[in-house]
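User: I should like to learn how to read the features of a protein model. May we work through one together?

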Amino acid sequence: MKKINFLKVTAFIIPVVCIGIMIGLWANFRKKKEKTEALKDIPTFSLTTINRTLLNSKTFGNNQTKVIIYFSPTCHFCQAEAEELSKINNHYQNTQWIWIASEPLDQIKEFAHQYNLDKQINIFWCHDDGAVFYQKLGMSTVPYFLVYNQSNRLVKRNSGAIKLEKLLLNILHERK
């Protein structure tokens, strides 16, 4: 008798657990899909720059490629990418670089100054208060790259370290 009750309970519990897992996976998939959809066009944002001015997504024109880099000043990969940008930026003056971090403005400013990138007119250094932008876009790591073409459409997304020139290589070939 106990064996039959155990089998009935098991026959009930296993499908319920499986259905619960499937619903959880489906909800997670939908959430990720919504965040990916939100990235297709340059996201709406308003961030404080290291100069304590507001920078928003409407600031950018449609005649330049835009690269949004979510970074951390203590990230070794981010440091290497800043070093690389300091060497190649003169080749990419028609690219707007938006570096965003959740660390305090002073740390971001010091990071930008360390690589002589704080006074470049095509590079913006921004503070994401409370990592709201990071969470809104569902980013999972730093560095995180979003590359938008001249029409503000997403053309490349990359999570983790990558050579900046490699990141832009395909985009530049698409223009020709």
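User: How many bridges join strand β3 to strand β4, and do these strands run parallel or antiparallel?

Analyst: This is a predicted model. Two strands pair if at least two bridges are found between them. Here, 6 bridges join β3 (residues 65-70) to β4 (residues 95-101), and the two strands run parallel. As an example of residues facing one another, Lys66 stands opposite Gln96 in β4.

User: In what order do the strands of the sheet lie?

Analyst: One reads the order across the sheet and compares it with the order along the chain. Along the chain, from the N terminus on, the elements run α-β-β-β-α-β-α-β-α-β-β-α. Across the open sheet of 7 strands, the order is β2-β1-β5-β4-β3-β6-β7, and the pairing is mixed. At the edges lie β2 (54-56) and β7 (154-159), each of which pairs on one side only. Neighbouring strands are turned by 30° against each other on average, with direction ignored.

User: Which strands does helix α2 lie across?

Analyst: For a helix packed on a sheet, one notes the strands beneath the helix and the angle between axes. Helix α2 (residues 76-88) lies across β4, β5 (123-127) and β6 (144-148), and runs at about 155° to β4. Helix α3 (residues 105-114) lies across β1 (46-49), β4 and β5, at about 155° to β5.

User: What share of the residues counts as buried?

Analyst: A residue counts as buried when its relative accessible area is under 20%. By that criterion, 40% of the 176 residues of the protein chain are buried. The accessible surface of the chain comes to about 10,800 Å², and 57% of this surface belongs to carbon and sulfur atoms.

Note on methods
Residues numbered from 1 in each chain as written. Predicted model: local features only at pLDDT ≥ 70, side-chain atom pairs only at ≥ 80, totals over all residues. Heavy atoms only, no water. Helix = DSSP H or I, 4+ residues; strand = E, 2+ residues; numbered from the N terminus. Buried < 20%, exposed > 50% of the residue type's maximum accessible area, 1.4 Å probe, protein only. Areas by Shrake-Rupley, 256 points an atom, 1.4 Å probe, with all protein chains shown as cover. Axes fitted to C-alpha atoms, helices over the stretch in contact; angles between N-to-C directions. Contact = heavy atoms within 4.5 Å.
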